[in-house]
Amino acid sequence: PGDSICDPACGSGSLLMKCGRKVLANHGSKQYALYGQEAIGSTWSLAKMNMFLHGEDNHKIEWGDTIRNPKLLDKNGDLMLFDIVTANPPFSLDKWGHGDAANDKFGRFKRGLPPKTKGDYAFILHMIETLKPGSSSMHGGRMGVVVPHGVLFRGSSEGKIRKQLIDENLLDAVIGLPEKLFYGTGIPAAVLVFKKNKDNERVLFIDASREFKSGKNQNQLSAENIQKIVDVYRARESVDKYAYLATLEEIQENDYNLNIPRYVDTFEEEEEIDLMAVRA
């Protein structure tokens with residue numbers, strides 16, 4: 001309760017409202033505030049309607065391009081900071097605003113400029129900059145973002161940004177999801193969890209890509225599948241063929257490549273085939 005929750009690519013607002021319902025379900029409290037920004041006008045108006053229809057009276061949803069023109073600002077004109085920042089931004093957005101990013105007045109790209117044709121890290125860096133700082137007394141902002149797998153291993157400028165985020169000990173977990181989970185794309189995605197105030201230098205890798213309820217056009221995570229991910233994330237321990245708690249040194253040895261199979265070994269031994277017997 002009391003958390004401020006932001007989705008900088010909020011679409012029609014469903015992820016924001018899910019977060020609010022979690023506070024209500026877990027604490028019986030409506031003490032939270034929802035913040036969002038959406039670039040497409042018709043979708044933005046859907047989000048506004050959605051909030052009113054669901055009785056979400058403590059919300060502020062702005063219309064505009066989060067990267068080129070962030071609208072959620074404090075009274076000094078700086079970026080607002082939140083307890084929770086979460087989003088499913090557009091995958092590898094072309095023309096995300098690369099031209100203006102070098103002179104970003106909010107300094108969001110001090111760790112590096114994402115490539116012109118892939119805006120994934122632009123959203124990630126924006127989200128990182130809008131997290132509340134952590135200190136010994138407060139737990140700081142927490143963030144979850146859905147990304148295409150390329151974000152985990154692509155090189156050049158993205159590799160440099162990824163290295164910085166890991167060296168700053170902001171990355172908490174990498175969770176690989178099944179394919180065909182999201183509307184409009186068949187590619188498998190991953191969830192990255194970042195935290196402003198981590199108490200250890202390890203990163204938890206979870207390979208949840210093989211446990212799902214399959215559907216014709218779309219796969220689904222069942223309640224059990226989701227619960228397993230949550231339990232393993234909370235326990236923060238390695239689980240054979242499912243999760244691995246990696247040290248910073250191990251990630252450095254892999255050149256800051258976060259590709260999940262480098263950490264979680266899902267290899268199944270296959271029976272040896274006696275070719276002579278087969279031939280006979």
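**Contacts, exposure and salt bridges in the predicted model**

Apart from its neighbours within four places in sequence, Phe153 makes contact with Arg162, Asn257 and Asn259. This residue belongs to helix H5, which covers residues 150-153, and with a relative accessibility of 38% Phe153 counts as partly exposed, because that class takes in values from 20% to 50%. A separation in sequence can be set beside a separation in space for the pair formed by Phe153 and Gly28, which are 125 residues apart along the chain and 41 Å apart when taken from C-alpha to C-alpha. The structure described here is a predicted model, and the values reported below are computed from it.

Turning to the protein as a whole, its secondary structure consists of 9 helices and 9 strands. The radius of gyration is 20 Å, which is close to the 19 Å that the globule rule gives for 280 residues, so the protein is as compact as a globular protein of that length. Taken along the principal axes, the box filled by the C-alpha atoms is roughly 80 × 40 × 40 Å. Of the 280 residues, 46% count as buried, while the accessible surface of the protein amounts to about 15000 Å², with 52% of it belonging to carbon and sulfur atoms. When contacts are restricted to residues at least 6 apart in sequence, 69% of them join residues at least 24 apart.

On the surface, a nonpolar patch is formed by Leu46, Met49 and Leu53, which together have about 330 Å² of accessible area. Met49 is part of helix H2, a segment that spans residues 41-53, and with a relative accessible area of 47% this methionine is partly exposed.

A contrasting environment is that of Asp83, which sits in the loop between strand E3 (59-63) and strand E4 (84-87). Its relative accessible area is 10%, and Asp83 is therefore buried, the limit for that class being under 20%. The side chain of Asp83 reaches the backbone nitrogen of Ser4 at 2.8 Å. Beyond its neighbours within four places in sequence, Asp83 is in contact with Gly2, Asp3, Ser4, Lys132, Gly140, Gly141 and Arg142.

Two loop residues deserve a remark on their backbone angles. Asn169 has a phi near 60°, a positive value in a residue other than glycine, and is placed in the loop between helix H6 (156-167) and strand E6 (171-176). Lys241 likewise is not a glycine and has a positive phi, of about 65°; its position is in the loop between helix H7 (223-235) and strand E9 (243-246). As regards exposure, Asn169 is buried, with a relative accessible area of 17%, whereas Lys241 is partly exposed, with a value of 25%.

Side chains of opposite charge can pair when their charged atoms come close. A search of the whole structure finds 14 salt bridges, and several of them are described here. Arg68 and Asp65 meet through their side chains in a salt bridge, at 2.7 Å from N to O. Both partners are partly exposed, since Arg68 has a relative accessible area of 44% and Asp65 has a relative accessibility of 24%.

A further salt bridge joins Glu129 to Lys110, with the closest N and O atoms 2.9 Å apart. This pair links distant parts of the chain, for Glu129 lies in helix H4 (residues 120-129) and Lys110 in the loop between helix H3 (98-101) and H4, 19 residues apart. With a relative accessibility of 18%, Glu129 counts as buried, while Lys110, with a relative accessible area of 57%, is exposed. Glu129 and Lys110 also belong to a network of salt bridges in which they are linked with Arg111 and Glu168.

In helix H6, the side chains of Asp167 and Lys163 meet in a salt bridge at 2.8 Å, from N to O. Because they are 4 residues apart in this helix, Asp167 and Lys163 are separated by about one helical turn. Asp167 is partly exposed, with a relative accessible area of 32%, and Lys163 is also partly exposed, with a relative accessible area of 37%.

Note on methods: Residues numbered from 1 in each chain as written. Predicted model: local features only at pLDDT ≥ 70, side-chain atom pairs only at ≥ 80, totals over all residues. Heavy atoms only, no water. Patch = residues over 30% accessible without salt bridge, like charges linked within 9 Å, V, L, I, M, F, W, Y side chains within 5 Å. Areas by Shrake-Rupley, 256 points an atom, 1.4 Å probe, with all protein chains shown as cover. Salt bridge = Lys/Arg side-chain N within 4 Å of Asp/Glu carboxyl O. Buried < 20%, exposed > 50% of the residue type's maximum accessible area, 1.4 Å probe, protein only. Rg over C-alpha atoms; globule rule 2.2 N^0.38 Å. Contact = heavy atoms within 4.5 Å. Polar contact = N/O pair within 3.5 Å; in protein donor to acceptor, adjacent residues only side chain to side chain.
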